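Got the model open in your viewer? Here's a walk through it, one selection at a time.

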Amino acid sequence: MLGLEFPVINEVVRWVDLFPTFNKIALIACEATLIGTVVFLVAGAADWRVAPTGIRNLAEIVVEFIEGLILETIGPNGLKWTPHMLSFFIFIYLCNVPGIIPVVYMPATARMAIPLFLAIIVWVIYNAVGIKHQKAGYFTHMLWPPGVPVFMKPLVGLIEFVSNILLRPFALAIRLFANMLAGHMLLVTFAILTEELVQGDSVLLKPLGILPFFMLLFITAFEVLVGFLQAYIFTILACVFIGASMASHEEHAEAH
Amino acid sequence: MLSAVATQTGRSIQIEFDHFAAEAESHSEVEPKDGPSPIVPEIKELAWSAGAFIVFAVLMRFVLYPRLKQGMAARYSSIRDGHANADAIRAAAKADVASYEAQVASVKAEANARIEAARRTLEEEREVRLAEANARIAARRESARADAEAVRSAGLSELESAAGDVTERLVELSTGLRPTESVVSEAVSASMLEGAGR
C-alpha cells in the first residue's frame with residue numbers, strides 16, 4: 001500500500017534564510033526589481049528611430065498593453081498612472097514567474113507579504129485620488145450611492161464602508177496570494193505524488209507515476225498563464241478602483 | 001542562547017560555555033522547523049518586498065518609463081511626420097500628373113488641329129489639282145474629238161465623192177446617160193444617211 005506523506009503548508013513555503021532576514025521571497029522581490037529595471041534600461045537605450053525589436057519591442061508591447069488597460073478602465077485622464085500600473089504589473093508578474101522556474105520553484109506572491117503590501121499601496125492611492133478629486137464628497141458618495149432610501153442609509157453605509165474601506169484591499173491581496181499559493185500547492189502535490197509512485201516499493205504502481213507527471217507538466221504550463229492572469233487582474237482592479245475614485249457623483253449617476 | 005556546563009569541585013564551581021550549542025541554536029533560528037505561517041506576512045519579507053517595489057516604482061516613474069515613452073513618442077511623431085510628408089508628396093505628384101495630363105491634352109489638341117488643317121489644305125490642293133487635271137483632260141478630249149470629227153468629215157466627204165464618182169460611172173455605163181451632179185450627190189447622201197441609220 002502506498003504511504004503518502006504530504007508536508008504541511010508551513011513546510012512547503014519554508015525556506016532557509018540566505019543570510020539573516022533575507023530569504024527566497026526577498027531574493028525574488030529584489031530579482032524582480034533588478035530584471036524589470038534592466039529590461040527597461042536596455043529597452044530605453046535601444047535606438048528609437050528604427051522599428052523596435054527584441055527587448056525594446058517587448059517593453060513597448062507591455063507599455064501599450066497597460067496604456068490600453070488604463071484607457072479602458074480610467075480613460076485618457078488616467079494615463080498619468082501608467083508608470084505606477086506598469087510597476088504593479090511587471091513586479092507581480094516577475095514575482096509570479098519563479099513559481100515555475102526550476103531550482104527556484106516559488107512564486108513570491110504565494111506568501112502574503114507582497115500581495116498585502118501592494119494591496120495597501122493601491123488602497124492608499126485610490127482613497128487619496130478620491131479625496132483629491134471629490135474632497136469630502138468622496139466618502140459620502142462611496143458610503144451612500146445615489147438612489148438609496150433614507151431609512152436604508154445606515155445599513156448601506158455600514159456595508160459600503162466595510163466593503164470599500166476594509167475588505168477591498170484584503171480581497172485584492174488574498175485573490176493574488178491564494179491563487180498563487182494554490183498553484184504552488186498543486187505543483188508540490190503532483191511532484192510528490194510522482195516521486196512517491198516512481199520511487200515506491202510497488203513495481204505495479206511505478207508506471208502509474210506517468211499520470212501525475214503529465215499533470216505536473218500541464219499545471220506548470222497552466223501556471224504560466226495564471227502568473228500573467230493574476231498580474232493582469234491585480235492591475236486592472238487597481239485601475240478600476242482608481243477610475244471609480246476619480247469619477248464624480250454625477251458621473252456615477254450618468255453611468256447608471 | 002548559550003549553554004553552560006557547571007562543575008563543582010569541593011567549594012569551587014567551574015563553568016564552561018558550550019559554543020557549539022550556541023551556534024546550533026542560532027542556526028535553528030535561521031531554519032525554523034515549523035516554518036512560517038502560510039497566512040501571516042513576515043516582517044522581513046514585507047520589508048524587503050516593500051523596499052524592492054518602492055525602488056522599482058520610483059525608477060519606473062522617474063527614469064525607466066519616461067525614457068522609453070520619450071523614444072516611443074519621438075518615433076510615433078516621426079512616423080506621423082513621415083505620413084504627412086508622404087501625403088504632401090502624393091498630393092504634389094498628383095498635381096504634377098494632372099499638369100502633365102493637361103499639357104498632353106493641350107499638345108494632343110494642338111496636334112489634332114494641325115493635322116486637321118493639313119488635311120484640309122491637302123484636300124483643297126487635291127481638289128484644285130484634280131480640277132486642273134480634269135480641265136486638261138476635258139480640253140484634250142475636246143481637241144481629240146474635234147480632230148476626230150475633222151478626220152471623219154474629211155473621210156466622209158472623200159467617201160461621198162468616191163461614191164458619187166462610182167455612182168455616176170455606173171449610171172453612165174448602164175444607161176448611157178450621164179446623171180447630173182446634184183442627182184448623184186442626193187442619191188449618195190440619201191443612201192449614206194440610210195446606212196448610218198441602221
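One cut-off to keep in mind as you click: a residue counts as buried under 20% relative accessible area, as exposed over 50%, and as partly exposed in between. What you have on screen is a predicted model.

**Stop 1: a charged pair between the chains**

Select A:Glu67 and B:Lys69. Their side chains form a salt bridge, 2.6 Å from N to O. The pair runs between chains, with B:Lys69 on helix H2 of chain B and A:Glu67 on helix H3 of chain A. Is A:Glu67 buried or exposed? Its relative accessibility is 12%, so A:Glu67 counts as buried. B:Lys69 has 25% and therefore counts as partly exposed.

**Stop 2: another pair across the chains**

Next, pick B:Arg75 and A:Glu60. They too make a salt bridge, and the closest N and O atoms are 2.5 Å apart. This one joins two chains because B:Arg75 sits in helix H2 of chain B while A:Glu60 belongs to helix H3 of chain A. Show the surface here and you'll find B:Arg75 and A:Glu60 both buried. As a bit of background, side chains of opposite charge can pair when their charged atoms come close.

**Stop 3: along H2 of chain B**

Now colour helix H2 of chain B, residues 43–175. Where does H2(B) bend by about 55 degrees? Centre on B:Met60 to see that bend.

Then slide along to B:Arg152 and B:Glu149, whose side chains meet in a salt bridge at 2.8 Å, N to O. About one helical turn separates B:Arg152 from B:Glu149, because they are three residues apart in helix H2 of chain B. B:Arg152 has a relative accessible area of 48%, so this arginine is partly exposed. B:Glu149, at 35%, is partly exposed as well.

Select B:Glu168, B:Arg169, B:Glu172 and B:Arg178 together: salt bridges link them in a network. While you're there, click B:Gly176, just after H2(B), where phi is positive at about 80 degrees. Over all chains, the salt bridges number 17.

**Stop 4: chain A as a whole**

Hide chain B for a moment and show chain A as a cartoon. Chain A has nine helices and zero strands. Of its 256 residues, 44% count as buried. Take the contacts in chain A with a separation of 6 or more: 69% of them come from residues 24 or more positions apart. Switch on the accessible surface, about 12,800 Å² for chain A, and you'll see that 74% of it belongs to carbon and sulfur atoms.

Colouring by confidence is worthwhile too. Chain A averages a pLDDT of 88, and 95% of the residues score at least 70. Which helix of chain A has the lowest confidence? That's helix H9, residues 249–255, at a mean of 54, whereas H4(A) is highest at 95.

**Stop 5: the core**

Bring chain B back and select A:Phe40, A:Met85, A:Leu86, A:Ile90, A:Phe91, A:Leu118 and A:Ile242. These have the most contacts inside the largest nonpolar core, which has 71 residues. Two or more residues each come from several elements, including helices H2, H4 and H8 of chain A as well as helix H2 of chain B.

Zoom in on A:Ile242. Beyond its neighbours within four places in sequence, A:Ile242 is in contact with A:Ile74, A:Trp81, A:Met85, A:Ile125, A:Tyr126 and A:Val129. Apart from the largest core lies another, of five residues, among them A:Leu187, A:Phe190, A:Leu216 and A:Ile219.

**Stop 6: a proline in H8**

Click A:Pro212, which is in helix H8 of chain A. With a relative accessibility of 6%, A:Pro212 counts as buried. Leaving out residues up to four places away in sequence, A:Pro212 touches A:Phe190, A:Leu193, A:Thr194 and A:Leu197. Draw a C-alpha to C-alpha distance from A:Pro212 to A:Glu195 and you get 9.2 Å, for a pair 17 residues apart in sequence.

**Last stop: two loops**

Finish with A:Thr21, in the loop between helix H1 and H2 of chain A. A:Thr21 is not a glycine, yet its phi is positive at about 75 degrees. At 41% relative accessibility, A:Thr21 is partly exposed.

Then jump to A:Lys135, in the loop between H5 and H6 of chain A. A:Lys135 isn't a glycine, but has a positive phi of about 55 degrees. Its relative accessible area is 54%, so A:Lys135 is exposed.

Definitions and conventions
Residues numbered from 1 in each chain as written. Chains lettered and ligands numbered in written order. Heavy atoms only, no water. Core = buried A, V, L, I, M, F, W, Y, C linked by side-chain atoms within 4.5 Å. Buried < 20%, exposed > 50% of the residue type's maximum accessible area, 1.4 Å probe, protein only. Helix = DSSP H or I, 4+ residues; strand = E, 2+ residues; numbered from the N terminus. Contact = heavy atoms within 4.5 Å. pLDDT = per-residue confidence, 0-100. Salt bridge = Lys/Arg side-chain N within 4 Å of Asp/Glu carboxyl O. Bend = angle between axes of the 7 residues up to and from the residue. Areas by Shrake-Rupley, 256 points an atom, 1.4 Å probe, with all protein chains shown as cover.
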